[in-house]
Amino acid sequence: MYEIILCDDDEGYIHYMHKLILSAGLVEKEVRFYEYNSGRELAESLSNIKECDLCILDIGMEDMNGDETAKIFRKAFPSSVLIFCSGIYGPTTKSFEAEPFRYLLKSYTDEQMLEEIKNIVDRVKQKKEIPAILIKSPEGMRRIRPDQILYIEIYKRGSRVFLHPDMHGEEKSFTTTKKLSDLYEILEGYGFAYAHSSYIVNIEYVKMLRFGEVQMIDNTILNVSRSREKSLKKAYIEGMDKY
């Protein structure tokens, strides 16, 4: 199921986007739309939305501007595809802090807009193909993508998953029944490497690698075993070029 947020103070434009998205390669029965007419309405509803694959956000709404709304949205969904659209306002430096994938102008012709939406849908599909890990949270089972994970350690009969600082609230880690070795098989191709037989780290979020230890971007320091030091260093160097 694709979870898509449409937020615009023009109800007609929401229906227009709804129609274009379904014309661009998504099947209606596989899409759940969340529609809002103001930034404040969206911000107040985010806690009730568990997942979001795509958000198309009007940057020129009056009650809460797009930049402010996008900042709140990004805290809830740091990895979702975010699209800005506007008929009047141009992007600002704050707009790009939210890392939008596209900036759409409402003055585009139907042909131009459909072409843009096709590219956006392709991007959403690509991200959807990335595997997700099921973790147990106070609200129930939750799907976590690789880019939302800081590191994972062995924990009791399964593993404990530590989230990226932008992803967690009061709880920064959650558990899963999957073994660390099984998780590594899933995540190896997405930038994860063993630092120790007891945990794997997301190379993208390694702040510093020193002799015998690795420092993550949240300043957590983890020990690096001698047997893993060489392979971790190689993964880190390759990661520096990639990220």
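Biologist: In the hairpin of β13 and β14, which residue takes a positive phi?

Modeller: That is G212, with a phi near 85°. The hairpin has 2 residues between its strands. Please keep in mind that this is a predicted model.

Biologist: How do you know that β13 and β14 pair?

Modeller: Two strands count as paired if DSSP finds at least two bridges between them. β13 and β14 (residues 213-216) have 4 bridges, in the antiparallel sense, so they qualify under the rule of at least two bridges. R210 has E213 as its bridge partner, and L209 stands opposite V214.

Biologist: And what makes β14 and β15 a pair?

Modeller: The same test applies, at least two bridges. β14 and β15 are joined antiparallel over 3 bridges, with I221 of β15 as the bridge partner of Q215. Their hairpin has 4 residues between the strands, and there N219 takes a positive phi near 75°.

Biologist: Why are β13 and β15 called edge strands?

Modeller: The sheet is open, with 3 strands in the order β13-β14-β15. β13 (206-210) and β15 (221-223) each pair on one side only. On average, neighbouring strands of this sheet are turned by 20° against each other, direction ignored.

Biologist: Let's turn to the interior. What makes the largest nonpolar core a core?

Modeller: Its members must be buried, nonpolar residues joined through side-chain atoms within 4.5 Å, and buried means under 20% relative accessible area. The largest such set has 23 residues, and I21, L54, I56 and I117 have the most contacts inside it. The elements that give two or more residues to this core are β1 (2-7), α1 (11-23), β2 (31-36), β3 (54-58), β4 (81-86) and α5 (110-128).

Biologist: Which residues does I117 touch, leaving out those up to four places away in sequence?

Modeller: I117 touches M17, L20, I21, A24, I56 and L104. There is also a second, separate core of 19 residues, including Y36, L57, A70 and Y103.

Biologist: How many cavities of 30 Å³ or more are there, and why is such a space called a cavity?

Modeller: A search of the whole structure finds 3. A space earns the name because a 1.4 Å probe fits there but cannot get out. The largest cavity has a volume of about 110 Å³.

Biologist: Which element gives the largest share of the lining of the largest cavity?

Modeller: α5 does, with 3 residues. The lining residues of this cavity include C52, D53, S79, S80, V124, K127, K128, R143 and R145.

Terms used
Residues numbered from 1 in each chain as written. Predicted model: local features only at pLDDT ≥ 70, side-chain atom pairs only at ≥ 80, totals over all residues. Heavy atoms only, no water. Buried < 20%, exposed > 50% of the residue type's maximum accessible area, 1.4 Å probe, protein only. Contact = heavy atoms within 4.5 Å. Axes fitted to C-alpha atoms, helices over the stretch in contact; angles between N-to-C directions. 1 Å grid on protein atoms, 1.4 Å probe; cavity = no way out; pocket = protein on both sides within 12 Å on 5 of 7 lines; lining within 4 Å. Points joined across faces, edges and corners; volume = space filled by probe spheres on them.
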